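Trainee: I have not met this structure before, and I would like a close look at a single part of it. Could you take me through the charged pairs and the places where they sit, slowly and in order?

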Amino acid sequence: MGDRFIKVLKGKEIDSFKTGEKEYNQYTLFALDMGESDPDRVHKYLKMRDASTSREYFIPVHPKCEKAKEALLWYYNLEELPKFSKET
């Protein structure tokens with residue numbers, strides 16, 4: 001479904017960041033307003049790309065996340081991103 005998921009539900013991009021030059025190093029945080037009938041109303045999703053398959057995923061994250069990096073850290077339960085050697 002990819003980006004169609006965001007378009008159909010009228011999602012709004014909140015933030016994005018990169019951890020490197022490759023496409024799979026791009027992370028984007030979206031907010032989706034589910035309307036008044038949903039008690040949580042706004043749901044947040046982090047868009048990321050799998051490095052091995054190039055598939056895009058929209059991962060649900062905590063609704064209080066305001067930055068894409070914060071959402072990524074929350075998803076993996078990390079306090080900071082690990083440092084890797086430069087890509088070749």
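Mentor: The structure holds 4 salt bridges, a salt bridge being a side-chain nitrogen of Lys or Arg within 4 Å of a carboxyl oxygen of Asp or Glu. Side chains of opposite charge can pair when their charged atoms come close. Before we go through them, please keep in mind that this is a predicted model, in which local features need pLDDT of at least 70 and side-chain atom pairs count only at pLDDT 80 or more, while totals for chains, interfaces and linings use all residues. Residues are numbered from 1 along each chain as its sequence is written, and side-chain values use heavy atoms, with hydrogens and water left out.

One of the salt bridges joins Asp33 to Arg41, where the closest N and O atoms are 2.9 Å apart. Asp33 counts as partly exposed because its relative accessibility is 40%, given that buried means under 20% relative accessible area, exposed means over 50%, and partly exposed lies in between (1.4 Å probe, protein chains only). Arg41, at 34% relative accessibility, is partly exposed too.

Another salt bridge pairs Glu66 with Lys44, with 3.0 Å between the closest N and O atoms. This pair links distant parts of the chain, since Glu66 belongs to the loop between E4 and H2 whereas Lys44 belongs to strand E3, 22 residues apart; the names are those of DSSP runs, numbered from the N terminus, with helices (H or I) of at least four residues and strands (E) of at least two. Glu66 is partly exposed, as its relative accessibility is 45%, but Lys44 counts as buried because its relative accessible area is 6%.

A further salt bridge connects Glu56 and Arg49, the closest N and O atoms being 2.9 Å apart. Glu56 is partly exposed at 28% relative accessible area, and Arg49 is partly exposed at 24%. This pair belongs to something wider, for Lys47, Arg49 and Glu56 are linked in a network of salt bridges.

To see where these residues sit, we can turn to the sheet. Its 4 strands form an open sheet in the order E1-E2-E3-E4, with antiparallel pairing, where two strands pair if DSSP finds at least two bridges between them. The edge strands are E1 (12-18) and E4 (56-61), each of which pairs on one side only. Neighbouring strands are turned by 25° against each other on average, direction ignored; here the axes are lines fitted to C-alpha atoms, for helices over the stretch in contact, and angles run from 0 to 180 degrees between N-to-C directions. Strands of a sheet pair through backbone hydrogen bonds, either parallel or antiparallel.

Within the sheet, 6 bridges join E1 to strand E2 (residues 26-33), the two running antiparallel, and 6 bridges join E2 to E3, which also run antiparallel. Strand E2 is mostly covered, as 6 of its 8 residues are buried. On the side of E1, Glu13 has Phe30 in E2 as its bridge partner, and Ser16 stands opposite Thr28 in E2.

Thr28 leads us back to the charged network, for its bridge partner in E3 is Lys47, a member of the linked group with Arg49 and Glu56. Thr28 lies in strand E2 and counts as buried because its relative accessibility is 9%. Leaving aside residues up to four places away in sequence, Thr28 touches Glu13, Asp15, Ser16, Tyr45, Leu46, Lys47 and Ala68, where contact means heavy atoms within 4.5 Å.

Between strand E3 (42-49) and E4 there is a loop, and Ser54 is found in this loop. Although Ser54 is not a glycine, it has a positive phi of about 65°, and Ser54 is partly exposed, with a relative accessible area of 45%. Most residues other than glycine have a negative phi, and most peptide bonds are trans. Asn77 is likewise not a glycine and has a positive phi, of about 55°; its place is in the segment after helix H2 (68-76), and Asn77 is exposed, with 71% relative accessible area.
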